[in-house]
Amino acid sequence: MGLPAVAPVLRRRLPRLKPFNRLQVIVEHLSMSKTAASSSEVLLEKKGCAGVITMNRPKALNALNISMIRQMYPQLKKWEKDPDTFLIIIKGAGDKAFCAGGDIKAIVEAGRAGEGMPQYFFREEYALNNAIGTCQKPYVALIDGITMGGGVGVSVHGHFRVATEKTVFAMPETAIGLFPDVGGGYFLPRLSGKLGYFLAMTGFRLKGKDVHKAGIATHFIEAEKMAALEKDLTELKSPSKENVADILDSYHKKCKVDQEKEFVLAEHMDKINSLFSANSMEEIVQNLKKDGSPFALKQLETITKMSPTSLKMTLRQLREGVSLSLQDVFTMEYRLSQACMRGHDFYEGVRAVIIDKDQSPKWKPAVLEEVTDEYLDSCFKSLGSGDLKL
């Protein structure tokens with residue numbers, strides 16, 4: 001985990017201790033965090049023909065931190081080159097979450113203290129996401145339970161995503177002054193119609209089979225079959241991508257859960273496609289007001305709670321991302337992440353939603369009209385030698 005991640009703890013304790021004891025506490029925390037990182041936060045195992053990654057922070061809903069990323073990336077690259085590893089499986093520990101996102105509380109604490117984590121966290125997270133997106137071996141994400149933010153980043157770019165009736169998918173970043181990153185600028189605008197724009201602006205939650213119907217998951221099975229599926233995959237002999245797909249297809253076809261259920265947004269897709277096709281956030285808001293239907297007014301109510309800066313940034317991110325390569329999207333998103341780290345709304349959003357939980361963020365600027373094109377241009381501008389290079 002390194003010193004930056006334990007710094008908030010140390011700052012609270014060190015002033016009260018004598019110099020020798022301070023050093024002892026630092027060493028103690030570093031060794032503890034190193035042990036925790038290597039032995040428990042993420043499990044990297046070889047099972048049969050597969051390399052298996054288990055995000056193992058169930059109490060934190062398997063939120064992704066820097067120490068996990070730093071273990072996962074080199075192991076993924078190693079397995080990709082290993083002739084005895086034929087596929088890679090990623091899953092979350094416990095029964096609640098695959099991965100509920102990145103450890104943003106730690107990023108906020110580090111950012112406020114002027115530490116370097118906001119630079120290297122996003123840089124290394126996006127490098128991991130890109131490694132998944134370019135992985136030459138079949139990559140299977142078992143997205144059972146909550147899958148949001150950073151959890152989407154370690155699943156959606158792989159070859160296969162297997163959802164269950166317990167899956168809850170969302171990209172809720174506009175509510176905390178961020179934007180749907182981890183490659184959201186690539187996969188969201190490529191979903192059917194304007195569905196990705198709707199999900200990005202509102203943070204709408206898709207559950208169970210709807211995650212598959214939306215085109216985010218490639219397969220859908222019963223949660224209780226996950227262990228059997230994993231066993232069948234790891235016991236394959238020299239599997240190809242086609243062999244893996246055949247097993248996933250067979251489980252998917254046998255699944256009886258929610259078989260007749262219509263996509264939760266089916267009746268609203270025409271509205272979503274027309275209302276969210278505007279060229280500006282102001283126009284989208286106007287469209288929703290003019291429409292006046294219960295559905296439109298509900299989305300309007302949601303959007304008015306989001307960071308105006310995040311909303312405008314997100315709309316441009318998706319409009320530009322639709323024609324960019326995955327690597328160029330990550331370069332763009334890294335620039336945006338650093339703009340958010342320099343700004344006000346991310347720190348305020350995390351304070352209001354995650355730390356104080358008063359759900360009353362004070363956005364600056366407070367209205368869409370005050371977020372200027374000049375400011376947005378500065379967010380998308382190259383960082384020169386500081387740009388993300390993949």
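**Exercises on a predicted model**

In this predicted model, pLDDT remains under 50 across residues 1-14, a stretch with 33 contacts beyond four places in sequence.

**Exercise 1.** Determine how the confidence of the chain as a whole is described, and which further stretch stays under 50.

*Solution.* Begin with the whole protein chain: its mean pLDDT is 91, and 90% of its residues reach 70 or more. Next, consider residues 18-38, where pLDDT stays under 50 and the model has 27 contacts beyond four places in sequence. Finally, apply a general caution: predicted coordinates should not be read in detail where pLDDT is low.

**Exercise 2.** Locate Asn-56 and decide whether Asn-56 is buried, partly exposed or exposed.

*Solution.* First, place the residue: Asn-56 lies in the loop that connects strand E2 (50-55) with helix H3 (66-81). Second, take its relative accessible area, which is 23%. Buried requires under 20% and exposed requires over 50%, so Asn-56 is partly exposed. Third, look at its surroundings: beyond its neighbours within four places in sequence, the contacts of Asn-56 include Ser-40, Glu-41, Asn-62 and Ala-93. As for Val-371, its C-alpha is 40 Å from that of Asn-56, and the two are 315 residues apart in sequence.

**Exercise 3.** Establish the strand order of the open sheet and identify its edge strands.

*Solution.* The open sheet is formed by 6 strands in the order E1-E2-E3-E5-E7-E10, with mixed pairing. Its edge strands, E1 (42-47) and E10 (219-220), each pair on one side only. Within the sheet, strand E5 (residues 139-143) and strand E7 (residues 160-163) run parallel and are joined by 4 bridges. One bridge partner in E7 is Ala-163, which is matched with Ile-143.

How values were computed
Residues are numbered from 1 along each chain as its sequence is written. This is a predicted model: local features need pLDDT of at least 70, side-chain atom pairs count only at pLDDT 80 or more; totals for chains, interfaces and linings use all residues. Side-chain values use heavy atoms; hydrogens and water are left out. Helices (H or I, at least four residues) and strands (E, at least two) are DSSP runs, numbered from the N terminus. Buried means under 20% relative accessible area, exposed over 50%, partly exposed in between (1.4 Å probe, protein chains only). Contact means heavy atoms within 4.5 Å. pLDDT is the predictor's confidence in each residue, from 0 to 100. Two strands pair if DSSP finds at least two bridges between them.
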